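The following note is offered to a colleague who is opening this structure for the first time. Please keep the sequence and the model in view while reading.

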Amino acid sequence: MKAGVGNTSAQRAGTIALRLFGLLFCIFLIGPILAFVPMSFNGVALLHYPIESFSLRWYWDLFSSSEWRLAFFNSVVVATSATVLATALGVAAAFGLWRGRFRGQGFIMILIMTPMIVPSVIGAVSMYFSFAQVGLHYTYVGLILAHTAMAAPIVVVTVSAVLARFDGNLLRAAASMGAHPLLAFRRITLPLIMPGVVSGAVFAFAISLDDVVVALFLAGPDQRTLPVQMYMRSTDLFDLATAAAASLMFVVAIAMMVFLELLRRRDQLSQKHSGAAAGQ
Amino acid sequence: MRHWRPASDHAPTIARDQARSERAAKLRAFMLIAPLLVFLLVVFIGPVATLLGRSVDDQEVAAALPRTVTALSDWQWGTPVPDSAYKALVEDLREASTPASLASAAGRLNYALPGMRSQLMTTRNRLQRADGATSDFKALLESLSPKWSEPESWAAIKQASGPVTDFYLLTALDMKRGPDGSITSLPANLSAFVPSIVTTFTIALTVTILAIAFGFPFAYLMASASDRVAGILMFMVLLPFLTATMVRILAWGILLGREGVIKSGLMALGLSEPLDLLYNRTAVNIALLHIFVPYMVLPLYSVMKTVPQAHLRAAASLGATPLTVFRRVYLPQVAPGLAAGSLLVFIQCLGVFVVPAILGGAREQGLPVLIAHYVNKTLNWGLAAALSVILLVSVYLLYWLFVKLTKSATLSLGAR
Amino acid sequence: MAPIVEFKNISKSYDGQSFVINNLNLDVQHGEFLTLLGPSGSGKTTALMMLAGFEAPTNGEIFVEGRPYSSLPPHKRDIGVVFQSYALFPHMTVGDNIAFPLQVRGHAAQDIGRKVAAALDMVRLPGVASRKPSELSGGQQQRVALARALVYEPKIVLMDEPLGALDRQLREEMQMEIKSIHARVGVTFVYVTHDQGEALTMSDRVAIFRRGVIEQIADPQTLYDRPGNAFVATFIGDSNLLTGRILGRDASRTMLEIPGAGTIAASAGDIGDGNANDAYVAIRPERILVSRSRTEDVGRNELSGTIDKTIFFGDHLKLVIRLEGGQLLQVKTETAQPFQQGQAVSASWSPEDCIAFTSPPANTRDGVVQSLKNTVAA
């Protein structure tokens with residue numbers, strides 16, 4: 001209303017105040033993350049400005065530490081495996097939900113959403129208890145399975161959102177032309193929902209990479225992931241190697257963000273007219 | 001009705017086949033969902049159910065002291081403990097084949113009545129040394145540990161005889177059963193868990209209110225801005241959203257820490273005593289707001305985008321003051337987004353573990369931290385499970401509200 | 001020759017209670033252009049979808065070339081389908097779209113190239129093979145969809161309101177085009193539309209659907225001139241519907257009294273056992289002659305009235321005549337005829353051009369009948 005209706009001076013003041021607030025809130029949102037990135041390049045082990053000398057020593061510390069190196073490796077292995085599994089399971093489930101009109105579909109959806117609803121501590125404690133009975137705790141397999149369960153719902157949600165825009169007549173057309181359902185899925189459905197599948201996978205990766213709590217319970221010393229390693233070191237907030245690791249994770253976040261934005265644009269192109277640019 | 005040719009005499013009756021083929025199509029679709037469902041049931045839902053089951057599971061005592069439990073089954077509080085119970089306990093303790101099972105039963109009884117662990121273990125050790133030729137088991141037991149003359153010990157065993165119990169759930173709510181079976185609340189100075197529950201909900205409520213206070217105007221700004229500006233603002237919201245939580249927590253830790261940026265800035269201005277901005281409620285609230293405000297902004301934004309400016313102009317042209325326009329025209333239209341965002345933030349806040357653990361002080365530790373504590377430190381699974389039940393029931397009540405309001409089970413954040 | 005498609009006692013229900021299709025029996029002949037015409041919700045699209053295999057009948061069986069087809073999955077049916085939304089694959093070029101059914105069937109690559117080019121020539125769209133569907137206009141996309149459904153020479157081609165999304169002029173152009181393609185390829189076409197003009201222009205036969213049953217199936221001329229009941233009479237083209245009372249009947253004629261206006265003779269349509277009391281009489285507006293004075297031609301029906309309204313339509317003039325007794329009669333005449341409002345006139349028509357029915361028209365697609373009835377009531 002302030003921006004949309006009328007033009008009295010009070011309203012103009014309101015508009016300006018709103019914009020100022022927006023600016024400050026943006027600083028609140030990304031300022032804290034941006035603030036410590038330069039510190040990780042500080043040559044001195046001090047956490048304040050101005051930066052006294054530029055140095056990569058903390059990054060060097062990071063990569064020369066076998067503990068941190070293992071954490072990097074574990075995060076990549078676990079997040080990648082969980083992403084692949086969660087995407088495969090999630091895409092199949094989303095397609096099944098789209099295809100079949102069941103009674104009780106709402107209930108199935110509630111079941112699928114469970115890992116997103118249940119607080120991570122409860123999930124972590126539960127899986128720790130059950131996995132321990134079959135010897136899966138403190139193993140890569142256990143951690144990967146747990147992260148797959150946590151990441152699968154977001155894949156279902158993302159792919160379902162794309163499928164909602166997918167014209168079912170395309171599959172009917174393909175069938176009428178003699179294409180077996182599997183072939184139609186591979187040649188028609190999959191290419192068209194690909195942007196949704198890939199962004200689902202990116203979100204799944206982000207969830208695995210974000211998790212501290214479940215990994216804290218399920219990972220033994222050999223499976224410690226990057227966030228767990230950071231958590232373990234967080235009692236010492238002045239360890240700039242941690243800041244360096246955090247900076248690297250921030251770079252990963254930016255990369256995922258840019259990737260998602262590119263996907264979104266590509267998706268929009270395939271919606272509107274202008275096929276040539278959408279490419280094949 | 002008109003038939004254009006006579007109904008054919010070999011009218012095929014294959015309706016069953018067709019019903020079957022329709023069912024087959026549904027089955028094929030379901031077979032696509034089944035792998036994920038089975039996976040989640042085995043890996044996640046099953047384990048959670050198992051944990052929750054432990055909140056009422058009470059079989060340790062009956063497993064270790066089967067005769068005693070049977071002998072006490074008819075005993076009423078206020079009547080003398082039957083002699084058969086003394087005999088049974090002696091036999092149970094003598095024959096306790098696995099000391100491990102006795103130890104866990106002793107641990108369970110100790111939760112209910114402190115001192116029972118050592119009472120049981122001592123009695124057992126002394127029994128093994130004492131010779132077995134006596135028929136007065138009551139005197140024997142009371143000589144080994146005088147506490148066996150107190151009916152409270154027997155009441156504890158009887159109440160723990162399983163197979164299910166409300167002991168853990170009551171404990172989690174700071175209540176207990178007296179030896180006579182009546183439920184009483186613990187006095188405030190002894191209450192251990194209700195304050196944590198209150199902390200959890202207070203923090204969740206505070207952060208939700210903060211998220212509305214900051215998220216609403218920000219979402220409004222996004223919705224009324226040009227596409228380009230809205231894109232930039234969206235980037236500002238989503239970037240922290242995709243950044244690992246641990247990174248954001250560390251960022252706040254560093255910012256608010258003893259030698260953090262804010263601190264040194266304030267001190268340079270002579271505005272602040274060298275107090276810690278860390279390890280208190282404010283630090284937790286700020287960090288949680290930072291982490292969860294996107295859950296408020298995104299659904300609000302997607303609803304606000306759909307409110308036609310014409311409605312607001314129309315209301316203003318009809319003579320409504322800006323406040324009236326907001327209250328009567330705008331707010332009702334964005335209410336679904338506001339409700340969805342609030343529930344999302346509230347639900348997420350109930351489950352936070354890492355933020356209070358790192359940035360909070362002792363008074364900021366809510367239910368999730370307690371659950372982890374009882375699993376990690378005391379191995380009291382029953383109590384951890386009971387606390388989980390309380391947390392999960394709260395979360396699912398709110399989720400149920402969310403599903404009712406949004407007519408969708410998915411926690412999507414609205415159109416991007 | 002045996003029909004290529006037979007619907008035998010087909011019923012379809014989604015909820016187990018109400019029928020979308022109720023005991024349908026329908027034959028489609030080899031090579032014919034059959035149109036299923038009806039208002040929305042009449043079951044015509046459901047019938048088409050069952051033939052394509054996208055829906056299964058609840059009861060009955062569909063035979064194609066004598067083989068039961070109901071449990072055959074759509075991809076094994078060899079039936080081409082053209083959708084209203086075209087259903088072109090947006091991520092493939094036009095050429096790849098048309099090549100798709102050929103690739104699925106394992107045709108050789110050079111064969112495919114040749115056939116795709118020929119198919120595009122047939123729909124008069126040469127040279128667009130490398131474009132994306134989204135770069136084409138709606139009419140062009142529809143032609144591509146047609147080429148794609150024809151390129152693998154299926155036994156039958158089904159079209160579900162294929163021109164519904166096009167504007168009027170393009171639609172008429174495409175009607176001619178589809179008709180001429182049908183004439184050239186000789187494949188059986190089953191076409192669904194709610195547009196009666198489209199149905200009459202293109203079809204060899206038209207089946208009129210209402211509430212899950214076929215009201216009449218016939219060639220367009222018969223439907224227009226000899227509608228089987230009042231619904232068909234008012235659904236196809238414009239029809240006046242007068243209400244009257246049956247006085248008597250002989251082998252070929254039914255005598256009716258139009259209250260307050262006089263007595264007329266009509267061909268017997270769907271009048272049941274004859275001497276029911278109330279009946280409807282359908283007369284096409286262009287079959288009525290209007291004159292200033294009575295012609296007194298004994299071979300014709302003639303009723304008097306006054307001009308209530310004249311409406312100019314460019315190529316013709318529509319007169320609304322209020323008959324004695326109050327019923328309204330619409331007449332299509334040449335524009336040169338000088339009639340004025342309030343003028344007393346006489347309307348006449350041949351008994352062959354009007355048909356009497358006893359069953360009410362009920363729920364017709366527009367307000368014509370409704371307004372006529374209201375007038376009578378008033």
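The numbered points below go from whole chains to single residues.

1. Status of the model. The structure is a predicted model, and the remarks that follow should be read with this in mind.

2. Chain A, secondary structure. Chain A has 12 helices and 0 strands. Read from the N terminus, its elements run α-α-α-α-α-α-α-α-α-α-α-α.

3. Chain A, burial and surface. Chain A has 280 residues, of which 55% are buried. Among its contacts with a separation of 6 or more, 68% are between residues 24 or more positions apart. The exposed area of chain A is about 11,800 Å², and carbon and sulfur atoms supply 67% of that area.

4. Chain C, secondary structure and extent. In chain C the secondary structure consists of 9 helices and 20 strands. Measured out along the principal axes, the C-alpha atoms of this chain fill a box of roughly 75 × 45 × 35 Å.

5. Chain C, domains. How is chain C divided by the domain assignment? The assignment gives domain 1, covering 5–225, and domain 2, covering 239–377. Taken over C-alpha atoms, the centres of domain 1 of chain C and domain 2 of chain C are separated by 39 Å.

6. Chain C, burial and surface. Of the 378 residues in chain C, 56% count as buried. Residues 24 or more positions apart make up 68% of the chain C contacts with a separation of 6 or more. Chain C exposes about 15,200 Å², with 48% of it supplied by carbon and sulfur atoms.

7. A buried arginine in chain C. R77(C) is located in the loop between β5 (67–68) and β6 (79–82) of chain C. Although buried, R77(C) has no salt bridge. Which side chain of opposite charge is nearest to R77(C), and how far away is it? It is E61(C), at 6.9 Å; a salt bridge requires the nitrogen and the carboxyl oxygen to be within 4 Å.

8. The surroundings of that arginine. A polar atom of the R77(C) side chain lies 2.6 Å from the backbone oxygen of Y69(C). Leaving aside residues up to four places away in sequence, R77(C) touches M50(C), L51(C), A52(C), G53(C), Y69(C), S70(C), S71(C), L72(C) and K155(C). Y69(C) is thus named both for the polar atom pair and among the residues touched.

9. Salt bridges as a whole. Over all chains, a search of the whole structure finds 26 salt bridges. Three pairs in chain C are described in the next points.

10. A pair within one helix. E172(C) and R168(C) form a salt bridge in which the closest N and O atoms are 3.6 Å apart. Both residues belong to helix α5 (residues 168–185) of chain C, and because they are 4 residues apart, about one helical turn separates them. E172(C) is partly exposed, its relative accessible area being 38%, while R168(C) counts as exposed at 59% relative accessibility.

11. A buried pair. Are the partners R210(C) and E215(C) buried or exposed? R210(C) counts as buried at 14% relative accessibility, and E215(C) counts as buried at 10%. The two form a salt bridge whose closest N and O atoms are 2.9 Å apart.

12. A pair between distant parts of the sequence. R287(C) forms a salt bridge with D225(C), and their closest N and O atoms are 3.3 Å apart. R287(C) lies in the loop between β14 (278–283) and β15 (289–291) of chain C, and D225(C) lies in helix α7 (residues 220–225) of chain C, so the pair ties together parts 62 residues apart in sequence. Each partner is partly exposed: R287(C) has a relative accessible area of 29%, and D225(C) has 25% relative accessibility.

13. A network in chain B. Salt bridges that share partners also occur: R67(B), K87(B), E91(B) and D92(B) are joined by them into one network.

14. A helix residue in chain B. S224(B) is found in helix α10 (residues 194–224) of chain B, and S224(B) is partly exposed, with a relative accessible area of 31%. What distance separates the C-alpha atoms of S224(B) and I45(B)? These atoms are 42 Å apart, and the two residues are 179 residues apart along the chain.

Technical notes. Residues are numbered from 1 along each chain as its sequence is written. Chains are lettered from A and ligands numbered from 1 in the order in which they are written. This is a predicted model: local features need pLDDT of at least 70, side-chain atom pairs count only at pLDDT 80 or more; totals for chains, interfaces and linings use all residues. Side-chain values use heavy atoms; hydrogens and water are left out. Domain bounds come from an automatic or database domain assignment. Helices (H or I, at least four residues) and strands (E, at least two) are DSSP runs, numbered from the N terminus. Buried means under 20% relative accessible area, exposed over 50%, partly exposed in between (1.4 Å probe, protein chains only). Contact means heavy atoms within 4.5 Å. Accessible areas come from the Shrake-Rupley method with a 1.4 Å probe; for residues, only the protein chains shown count as cover. Lys and Arg count as positive and Asp and Glu as negative; His and the chain ends are not counted. A polar contact is a pair of N or O atoms within 3.5 Å; within protein, one must be able to donate a hydrogen and the other to accept it, and residues adjacent in sequence count only if both atoms are side-chain atoms.
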